[in-house]
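Colleague: Could you take me closely through a single part of this model, and set out how that part packs against its surroundings?

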Amino acid sequence: GKELAKQQATAAIQEGQTWLTDTQAMLAKAPRGKGSAADLAALKTDLEGASASLNEAQTLLASENYKEAMAKAEAAKASINGVKTQIEGAQAKVAGK
């Protein structure tokens with residue numbers, strides 16, 4: 001019931017925050033090559049959006065809107081994961097040269 005929903009939403013938010021921190025660190029170390037500045041700026045914007053979503057999820061959690069908090073956290077995680085995949089792709093490209 002309600003307690004389980006709260007636990008799941010809390011866990012999703014915490015996981016999202018961990019992913020966010022890890023991915024921000026990856027982005028800081030991402031290879032900066034010709035033409036990558038715009039891509040990196042876009043990825044940074046995506047992470048800022050994900051961070052805002054996690055903050056909203058936290059607010060929803062505090063007001064006991066567990067389902068919505070969970071949805072926000074999951075959307076943020078999907079966005080963070082997309083950024084991570086792109087950074088890994090860029091690193092692989094640089095490593096492959």
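Modeller: Angles between helix axes of over 145 degrees count as roughly antiparallel, while those under 35 degrees count as roughly parallel. With those cut-offs in hand, I will take helix 1 as the part to examine, bearing in mind throughout that this is a predicted model.

Confidence comes before geometry. The mean pLDDT of the protein is 92, with 98% of the residues reaching 70 or more, and helix 1, which covers residues 2-28, is where confidence is highest, at a mean of 97. The lowest mean belongs to helix 3 (residues 66-96), at 92.

The length of helix 1 can be checked against expectation: its 27 residues, at 1.5 Å a residue, should span 39 Å, and because the C-alpha atoms at its ends are 39 Å apart, the two values agree.

Turning to the packing, helix 1 and helix 2 meet at an angle of about 160°, and their axes lie 10 Å apart. Since that angle is over the cut-off of 145 degrees, the two helices are therefore roughly antiparallel to each other. Their crossing is left-handed. On the helix 1 side, the residues that take part are K6, A9, T10, I13, G16, Q17, L20, T23, Q24 and L27, and they meet L40, L43, K44, L47, S51, L54, A57, Q58 and L61 of helix 2.

Against helix 3, helix 1 packs at an angle of about 25°, with 8 Å between the axes. That angle makes helix 1 roughly parallel to helix 3. Here too the crossing is described as left-handed.

The burial pattern of helix 1 can be set beside these contacts. Its buried residues are A9, A12, I13, G16, L20, T23, M26 and L27, and what covers them includes both helix 2 (36-62) and helix 3. Among these buried residues, A9, I13, G16, L20, T23 and L27 also appear in the list of helix 1 residues that meet helix 2.

One residue of the partner helix deserves a brief look as well, namely D46, which lies in helix 2. With a relative accessible area of 34%, D46 is partly exposed, because that value falls between the 20% and 50% limits. Leaving aside neighbours within four places in sequence, D46 is in contact with S79 and V83, whereas the C-alpha atoms of D46 and I87, residues that are 41 apart in sequence, are separated by 12 Å in space.

Methods:
Residues are numbered from 1 along each chain as its sequence is written. This is a predicted model: local features need pLDDT of at least 70, side-chain atom pairs count only at pLDDT 80 or more; totals for chains, interfaces and linings use all residues. Side-chain values use heavy atoms; hydrogens and water are left out. pLDDT is the predictor's confidence in each residue, from 0 to 100. Helices (H or I, at least four residues) and strands (E, at least two) are DSSP runs, numbered from the N terminus. The expected span of a helix is 1.5 Å times one less than its number of residues. Buried means under 20% relative accessible area, exposed over 50%, partly exposed in between (1.4 Å probe, protein chains only). Contact means heavy atoms within 4.5 Å. Axes are lines fitted to C-alpha atoms, for helices over the stretch in contact, and angles run from 0 to 180 degrees between N-to-C directions. Angles under 35 degrees count as roughly parallel, over 145 as roughly antiparallel, 65 to 115 as roughly perpendicular and the rest as oblique. A crossing is left-handed if the near helix is turned anticlockwise from the far one by less than a right angle, and right-handed if clockwise.
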